[in-house]
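Biologist: Hi! Could you pull up the chain we talked about? I have a few quick questions.
Modeller: Sure, here it comes.

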Amino acid sequence: QVQLVESGGGLVQAGGSRRHSCKSSVSLFSLSAMNWYRQAPGKQRELVARVTTGGTTDYADSVKGRFTISREHVKNSVDLQMTSLKPEDTAVYSCHVVFVGKYYWGQGTQVTVSS
C-alpha cells in the first residue's frame, strides 16, 4: 500500500508561484508513474503533469512553460512547481501514483488564484 500526503494548497495572486508537494510512504523508485491532476469546479479532472521512474516528463498544453514536475528523493516526494499562475489554474490538485500496477490518490488540496 501507498500513502500519499499532499501539501501546498492555498491562496495565491495571479502571476505568483506556489510549490505543491506529494509525499509518498514508499520509495519513489518503487513507483512506475507519478502524476498531478487537477479538477476545477464544474469541470472534468485533467492531467497536468506526469513523470516516470525513468525520468520521462509530460505536461498539459495549458501549463507548459509554467509548471515543473520533479522527483525529490531526499524528501521522498513528487513536487509540482507552479509559476506565472492564472485564475484559470484554480482547482483541486491531486497527486496520483502507480505502485505495483495499482493506483493511489492523494487527498487533494485546493489552490485558488486570485485576479
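Biologist: How much area does the protein chain expose, and what share do carbon and sulfur atoms supply?
Modeller: Keep in mind that this is a predicted model. The protein chain exposes about 6000 Å², and 49% of that comes from carbon and sulfur atoms.

Biologist: And how many helices and strands are there?
Modeller: Zero helices and 11 strands, so to speak a β-only pattern when you read along the sequence.

Biologist: What radius of gyration does the protein chain have?
Modeller: It has 13 Å, which agrees with the value near 13 Å for a compact globule of 115 residues. The C-alpha atoms fill a box of roughly 40 × 25 × 25 Å along the principal axes.

Biologist: Switching to the inside: what percentage of the residues is buried?
Modeller: Buried residues make up 43% of the 115. The largest nonpolar core has 29 residues, and Val-2, Leu-31, Trp-36, Leu-80, Tyr-93 and Val-97 have the most contacts inside it.

Biologist: Which strand gives the most to this core?
Modeller: That is β9, with five residues.

Biologist: Back to Leu-31, what does it touch?
Modeller: Leaving out residues up to four places away in sequence, Leu-31 touches Val-2, Ser-24, Val-26, Thr-53, Val-97, Val-98 and Phe-99.

Biologist: Last one, on charges: how far apart are the mean positions of the positive and negative ones?
Modeller: They are 3 Å apart, taken over 13 positive and 8 negative charges in the protein chain.

Definitions and conventions:
Residues numbered from 1 in each chain as written. Predicted model: local features only at pLDDT ≥ 70, side-chain atom pairs only at ≥ 80, totals over all residues. Heavy atoms only, no water. Helix = DSSP H or I, 4+ residues; strand = E, 2+ residues; numbered from the N terminus. Rg over C-alpha atoms; globule rule 2.2 N^0.38 Å. Buried < 20%, exposed > 50% of the residue type's maximum accessible area, 1.4 Å probe, protein only. Areas by Shrake-Rupley, 256 points an atom, 1.4 Å probe, with all protein chains shown as cover. Lys, Arg positive; Asp, Glu negative; His and termini not counted. Charge placed at Lys NZ, Arg CZ, Asp CG, Glu CD. Core = buried A, V, L, I, M, F, W, Y, C linked by side-chain atoms within 4.5 Å. Contact = heavy atoms within 4.5 Å.
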